[in-house]
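Student: Please take a close look at one part of this model, beginning at the end of the chain. Then connect it to the other elements, in one continuous account.

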Amino acid sequence: MKPRELKANIYWVGAVDWDRRLFDELIPLPDGTSYNAYLVKGSEKTALIDTVDPLMTNTLINNLNQLGTKEIDYIIANHAEQDHSGSLPQILKLYPNAMVVATPKCKSLLMDLLLIPENRIMIVGDGENLSLGDKTLEFIHAPWVHWPETMLTHIREDRIIFTCDLFGSHFATSDLYATDEATIYEAAKRYYAEIMMPFRKVIQRNLEKIRDLQIDVIAPSHGPLYDKPEFILEAYRDWVYSPPKNIVVLPYISMHGSTEKMVRYFVGALVERGITVKQFNLARTDIGKLAMALVDAATIVIGSPTVLAGPHPNVVYAVYLANALRPKLKFASIIGSYGWGGRMVEQIKGMLSNLEVELLEPVIIKGFPKEEGFEALNRLADEILNKHKERTLT
Ligand code: FEO
């Protein structure tokens, strides 16, 4: 896409990656993504805010050429991850007078990851300003959105904030702004779950830092921009601050039908008690959907058969992810079956160390479930209901 003007002399110059389907060889991208970069032409100096994934450097260069960009004075590196910094080496060659502007930690990462020469990087402190003439860049250090070095760049005169990964969405679109809010809400929530949720408590501090800014436009570096900032700010306040909801997330897998039978029965028991259930068969689930469900859930119940004395490997993968994502979960339990023994429960419990959850009595049965197994599942459903009621979760 061609450059697009957001405000007088501020342009989107990024790249839309319609075809990418995996990020970090881990995160599914069902809707592609974009790498947003921005050119800010002040009356005296010109700044480029972030670059693009190295595979799309030519798109960025074409956009800069279309705007007749002869000189860039500063390249603001809000984040050192390569999807935003990967074009830096080539842009620095094309614009030999440009200086990279970064936090101290970002400087170190850019030197390590991209071999950027130290004398091409200038450090800025938290709250420091850089004048472009009639526009002033204000830098706000915001660690852990998504790495420890991240920062936000605010232009007070134009009431725009460039937030890099924060508030982003992996969503390829020809819309500059988030016009279809229902669709973008889904994409932004998926993105939050996969990228931001592990840093929820730090994000609370970063939201505080920008709370009093007068902002007309939030310009992240993935997905569409927000010309109605309250839409995404309100969503983040819910995801970050609100207590979990009356929801059980149930990732499971079954090999010969015993665990499947337990899951079906248990889901019915939970629903009868007024609890919302989000069930994921790990043989075929989209791991991003599971991450999204964990944003709001109060309880996770993991369903697994016993394989070689432990949980099924797909369950290990899902539990590892849930533990790494650090959702707001308050309770956890395990259901499943075995043929002749094993240490499945102990092994799953040992993988939940990041989660501040109370472990509810697991239901593990021998072979195919029978009457006492169903009764145990009823008791577990009762206990979950009582625990949710005690915390007045809705
Ligand atoms: Fe979009 Fe953390 O990079």
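**From the C-terminal segment inward**

Tutor: Thr 392 is placed in the segment after H12. The model is a predicted one, and what follows describes that prediction. The relative accessible area of Thr 392 is 65%, over the 50% limit, so Thr 392 is exposed. Its backbone also deserves attention: phi of Thr 392 is near 45°, a positive value in a residue other than glycine. For comparison, most residues other than glycine have a negative phi.

A second residue with a positive phi is Cys 164, where the angle is near 50° and the residue is again not glycine. Cys 164 belongs to strand E15, residues 160-164. Its relative accessibility is 1%, which is under the 20% limit, so Cys 164 counts as buried. One positive phi thus sits in an exposed residue, Thr 392, and another in a buried residue, Cys 164.

Helix H12 itself covers residues 371-390 and contains Phe 374. Phe 374 has a relative accessible area of 13%; the limit for buried is under 20%, so Phe 374 is buried. Leaving aside residues up to four places away in sequence, Phe 374 touches Lys 261, Tyr 265 and Pro 369. Ala 8 is far from Phe 374 in both senses: 366 residues separate them in sequence, and their C-alpha atoms are 66 Å apart in space. As a scale for that distance, the C-alpha trace of the protein spans about 80 × 40 × 35 Å along its principal axes.

Earlier in the sequence than H12 comes a set of parallel strands centred, for this account, on E21. Strand E21 runs over residues 331-338, and 7 of its 8 residues are buried, so E21 is largely enclosed by the rest of the structure. Three pairings of E21 can be followed. Strand E19, residues 297-307, runs parallel to E21 and is joined to it by 7 bridges. Within that pairing, Gly 303 has Ile 335 of E21 as its bridge partner. Strand E22, residues 358-359, is also parallel to E21, with 2 bridges between them. There, Phe 331 is partnered by Glu 358 in E22. Strand E23, residues 363-366, pairs with E21 in the parallel sense over 4 bridges. In that case Tyr 338 stands opposite Lys 366 of E23.

The next element is helix H7, residues 229-241. H7 has 13 residues and reaches 18 Å from its first C-alpha to its last, close to the 18 Å expected at 1.5 Å a residue. Which residues of H7 are buried? They are Pro 229, Phe 231, Ile 232, Leu 233, Ala 235, Tyr 236, Trp 239 and Val 240. The cover over these buried residues includes helix H5 (181-196), helix H6 (200-210), strand E16 (217-220) and helix H9 (287-296).

H5 and H9 appear again at the largest pocket. Strand E5 (27-28), H5, H9 and helix H10 (313-325) each supply at least two residues of its lining. The lining comprises 16 residues, and those nearest the centre of the pocket are Leu 26, Ile 27, Glu 194, Leu 321 and Leu 325. The space in the largest pocket is about 310 Å³.

A loop residue gives a further local view. Thr 150 is found in the loop between strand E13 (136-141) and strand E14 (151-155). With a relative accessible area of 2%, under the 20% limit, Thr 150 is buried. Its side chain has two polar contacts to backbone atoms: the backbone nitrogen of Val 145 is reached at 3.0 Å, and the backbone oxygen of Trp 147 is reached at 3.0 Å. Not counting residues up to four places away in sequence, Thr 150 touches Asn 78, His 79, His 141, Ala 142, Pro 143, Trp 144 and Val 145.

These parts belong to a protein whose secondary structure comes to 12 helices and 23 strands. Of its 394 residues, 58% are buried. Among the contacts with a separation of 6 or more, 72% are between residues 24 or more positions apart.

Notes
Residues are numbered from 1 along each chain as its sequence is written. This is a predicted model: local features need pLDDT of at least 70, side-chain atom pairs count only at pLDDT 80 or more; totals for chains, interfaces and linings use all residues. Side-chain values use heavy atoms; hydrogens and water are left out. The expected span of a helix is 1.5 Å times one less than its number of residues. Buried means under 20% relative accessible area, exposed over 50%, partly exposed in between (1.4 Å probe, protein chains only). Contact means heavy atoms within 4.5 Å. Two strands pair if DSSP finds at least two bridges between them. A polar contact is a pair of N or O atoms within 3.5 Å; within protein, one must be able to donate a hydrogen and the other to accept it, and residues adjacent in sequence count only if both atoms are side-chain atoms. On a 1 Å grid over the protein atoms alone, a cavity is a set of points where a 1.4 Å probe fits but cannot get out, and a pocket is an open set with protein on both sides within 12 Å along at least five of seven lines; lining residues have an atom within 4 Å of a point. Grid points are joined across faces, edges and corners, and a volume is the space filled by probe spheres set on the points.
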